[in-house]
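These are my notebook entries on a structure that is new to me. I begin with the strands and then turn to the aromatic rings.

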Amino acid sequence: MKQSKKIRYRGGPSELLDSIIFAGYEIKSLKHGNTGHTLYKFPSKAHDWEECWTMDLQTAKTGILKYQQHLKTGDKKEE
């Protein structure tokens with residue numbers, strides 16, 4: 001009978017970094033344990049304003065501005 005190889009996990013834990021405040025919104029950031037990439041959490045229009053992660057800080061900032069604009073126009077439509 002063939003012995004199965006032991007696979008050892010080589011990734012490390014993700015590391016939470018300091019949050020960034022942009023236009024009154026907190027962008028959470030972390031360093032990914034496996035890839036070492038820095039990820040930023042922001043509301044995404046493509047996913048009905050759910051929180052998504054991106055590697056690009058500018059994309060996160062743009063998403064926040066669009067989200068704030070959505071909230072402003074959404075409030076006016078409800079009145």
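In which sense do β2 and strand β3 pair, and over how many bridges? I kept in mind throughout that I was reading a predicted model. I found that β2 and β3, the latter covering residues 38–44, pair in the antiparallel sense, and that 3 bridges hold this pairing in the record of contacts I looked up. For one position along this pairing I noted the partner, and Ser29 has Tyr40 of β3 as its bridge partner. I then looked at how the chain passes from β2 to β3, and found a hairpin with 6 residues between the strands, in which Gly36 takes a positive phi near 80 degrees.

Entry on the other neighbour of β2. Strand β1, residues 15–22, runs antiparallel to β2, residues 25–31, and 6 bridges join the two. Here Leu16 stands opposite Leu30 in β2. These strands also form a hairpin, with 2 residues between them, and Ala23 in the turn has a positive phi of about 55 degrees.

Entry on the aromatic rings. I searched the whole structure for aromatic pairs, and the search finds 2. One of them is Tyr25 with Tyr67, whose ring centres lie 6.3 Å apart with the planes at 70 degrees; this angle is over 60 degrees, so I wrote the pair down as edge-to-face. The pair links distant parts of the chain, since Tyr25 belongs to strand β2 and Tyr67 to helix α1, residues 57–78, and the two are 42 residues apart.

Are these two tyrosines buried or exposed, or partly so? Tyr25 has a relative accessible area of 18%, which is under 20%, and therefore I entered Tyr25 as buried. Tyr67 has 21%, which falls between 20% and 50%, and therefore Tyr67 is partly exposed.

Tyr67 appears again in the pair with Trp49, which is tilted, with 5.4 Å from centre to centre and 50 degrees between the planes. This pair too links distant parts of the chain, with Trp49 in the loop between β3 and β4 (50–54) and Tyr67 in helix α1, 18 residues apart. Trp49 has a relative accessible area of 19%, under the 20% limit, so I noted Trp49 as buried.

To close the entry, I wrote that ring pairs link Tyr25, Trp49 and Tyr67 into a cluster.

Technical notes
Residues numbered from 1 in each chain as written. Predicted model: local features only at pLDDT ≥ 70, side-chain atom pairs only at ≥ 80, totals over all residues. Heavy atoms only, no water. Pairing = 2+ DSSP bridges. Helix = DSSP H or I, 4+ residues; strand = E, 2+ residues; numbered from the N terminus. Phe/Tyr/Trp six-rings, centres within 6.5 Å; stacked < 30°, edge-to-face > 60°. Buried < 20%, exposed > 50% of the residue type's maximum accessible area, 1.4 Å probe, protein only.
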